[in-house]
Amino acid sequence: MTIWAPDLEERSGPRYIAIADALAHDVRGGVLRPGARLPTHRELARVLGVTVGTVSRAYAEAERRGLVNGWVGRGTFVREPGVQEETEGFGLPEQPASSEIDLSLNLPASPDRAVEDEALASALTAIASRPGLGTLLHYHRHEGLPRHREAAAEWLARVGMRVEPNRVLICSGSQHALAVCFSTLTKPEDVVLTESLTYVGMKALANAFHFRLHGVAMDAQGMLPEAFAAACESTGAKLLYCVPTIQNPTTAVMPEPRRKEIAQIARQFGVTIIEDDVHGFLPPEPVAPISSFAPDHSCYISSLSKSMAPGLRISYVATTEDMVERLRPGLWITTWMAAPLMAEIATVWMQNGTADRILAARREEARHRQKMATRALEGLRYQAHPFGYHVWLQLPEPWRAEDFTEQAAKRGVAVTPPNAFVVGRGSLPHAVRVCLGAVRSRERLAHGLETLSHILTEAPEPSRGIV
């Protein structure tokens, strides 16, 4: 670690800006060389006689300027001037040198990179030692290899979705699974029921396949059973799409009694449930899926993107044997099959305990970031789950969502406004989705959350240019 103690006596303005300016000066002057590890927040705060929070803000500002990179568990390092840092060995840009703090993308909270590096290296080593390695490069059946389907069935049973392996399809991520389901089960102008605030990707699918979404009223626990029944009767819809665990964007978790009600209503009206359980593995004590109470009327989708690794692009659809046969052509015309090598990595992780370690690390990182949000947003109203990757921030009067989103963007923070999620012409709630996982650096996340909180202590800027 570099011993660095900047002289701040002749620097005016906020202390965190002074520290960032001094850091920039010493980087340009060659005092701090690329790759140098800076003092810890606590150590520099002690040396300079400032708070740890001041140093955190200074490092976040330095990262915003492209001077440093901060890694959880590793520290803060000086970057090569004018060059994006690359992931070693692959030439992939880790993060653009942008001043914007993007809290609009609902990405999984990343653990220490060493966890992911070790997990992938050990899996590839294990796979490489097996005979017939090259067969993973061949064409296989659309629904996936038997070994992979067996592992998937065992994995899904852990959240209460118990099916035989022959009732599992392997897809290339949850968006692909949804595309396969809806391209198979809908025709243009069909009505699909969903929560009144729904996943953005679902709205994109409706546009692509020309079916119509009908929003069903919700409360803090998700879709209302009586509203679902009324919508079934009034629309004649035969498909329901829902996210009952850490709903996107509201973070609602539907309790088990209500899940049973939804399942019973679906059976009563002959509605097939497309259950998107992308967050289902995040709660340490998961609630049984709706599909487990109506297994003959559902397609249950679980993805590894939020629980393990989005780069695997592996998801599972658990359904009936008849539905498996109906969905197989959808796999054929889109990707033929999910990549066997990716499915094999997932299988190895599930069988040797690596999946549990990665999941535990993601939960812990999400828990820590939710605590950061709790501190930064103290006094404000919002919905969140302690192991979720986002919060649904309620805006106090007189703020409107579009004004707040615009003001946040001006301050360098991106959030997602409610119109992205509203189905049809439903009323817009005065709330925004704030995502905690897309920004890898905790310091930048803290700065972004503090900026949002500070904006809400001010009055909205009056509209200009209107006569």
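User: At what angle do helix H4 and helix H11 pack, and how far apart are their axes?

Analyst: First, this is a predicted model: local features need pLDDT of at least 70, side-chain atom pairs need 80 or more, and totals for chains, interfaces and linings use all residues. Residues count from 1 along each chain as its sequence is written, and side-chain values use heavy atoms, without hydrogens or water. Now the pair: H4 (residues 113-128) packs on H11 (residues 340-352) at about 105 degrees, and the axes are 10 Å apart. That makes H4 roughly perpendicular to H11 (65 to 115 degrees; axes are fitted to C-alpha atoms, over the stretch in contact for helices, and angles run from 0 to 180 degrees between N-to-C directions). Helices are DSSP runs of H or I with at least four residues, strands are E runs of at least two, and both are numbered from the N terminus.

User: Which residues of H4 and H11 meet?

Analyst: From H4 come Ala119, Leu120, Ala123, Leu124 and Ile127, while H11 brings Leu341, Glu344, Ile345, Val348 and Trp349 (contact: heavy atoms within 4.5 Å). By class, this contact has 9 nonpolar residues, no polar ones and 1 charged. Nonpolar covers Ala, Val, Leu, Ile, Met, Phe, Trp, Tyr, Cys and Pro; Asp, Glu, Lys and Arg are charged; the others, Gly among them, are polar.

User: In what order do the 7 strands of the open sheet run?

Analyst: Read across, you get S6-S14-S13-S12-S11-S7-S8, with mixed pairing (a pair needs at least two DSSP bridges). Strand S6 (168-171) and strand S8 (212-216) are the edges, each paired on one side only. Neighbours in this sheet are turned by 20 degrees on average, direction ignored. For one pairing, look at S7 (residues 191-195) and S11 (residues 239-242): they run parallel, joined by 2 bridges. Leu193 has Leu240 in S11 as its bridge partner.

User: Which strands does helix H6 lie across?

Analyst: H6 (residues 174-185) lies across S6, S7, S11, S12 (272-276), S13 (298-303) and S14 (315-318), and runs at about 160 degrees to S13.

User: What is the strand order in the sheet of 3 strands?

Analyst: This open sheet goes S15-S16-S18, with antiparallel pairing. Its edges are S15 (382-384) and S18 (431-435), each paired on one side only. Between S16 (residues 390-394) and S18 there are 5 bridges, and Leu393 stands opposite Val432 in S18.

User: Where are the cis peptide bonds at Pro249 and Pro398?

Analyst: Asn248 to Pro249 is cis, with omega near 20 degrees, and Pro249 sits in the loop between S11 and helix H9 (256-269). Glu397 and Pro398 are also joined by a cis bond, omega about 5 degrees; that proline is in the loop between S16 and helix H13 (401-410). While you're in the loop between S11 and H9, check Ile246: its phi is positive, about 50 degrees, although it is not a glycine. His210 has a positive phi too, near 65 degrees, in the loop between helix H7 (200-209) and S8.

User: How many cavities of 30 Å³ or more does the structure hold?

Analyst: Rolling a water-sized probe over the atoms shows where empty space is left. Here there are 3 such cavities, and the largest has about 60 Å³ of space. On a 1 Å grid over the protein atoms alone, a cavity is a set of points where a 1.4 Å probe fits but cannot get out, and lining residues have an atom within 4 Å of a point. Points join across faces, edges and corners, and volume is the space filled by probe spheres set on them. The lining of the largest cavity includes His140, Arg141, His142, Glu143, Met337 and Pro340; by class, it has 6 nonpolar, 4 polar and 2 charged residues.

Definitions and conventions
Angles under 35 degrees count as roughly parallel, over 145 as roughly antiparallel, 65 to 115 as roughly perpendicular and the rest as oblique. On a 1 Å grid over the protein atoms alone, a cavity is a set of points where a 1.4 Å probe fits but cannot get out, and a pocket is an open set with protein on both sides within 12 Å along at least five of seven lines; lining residues have an atom within 4 Å of a point.
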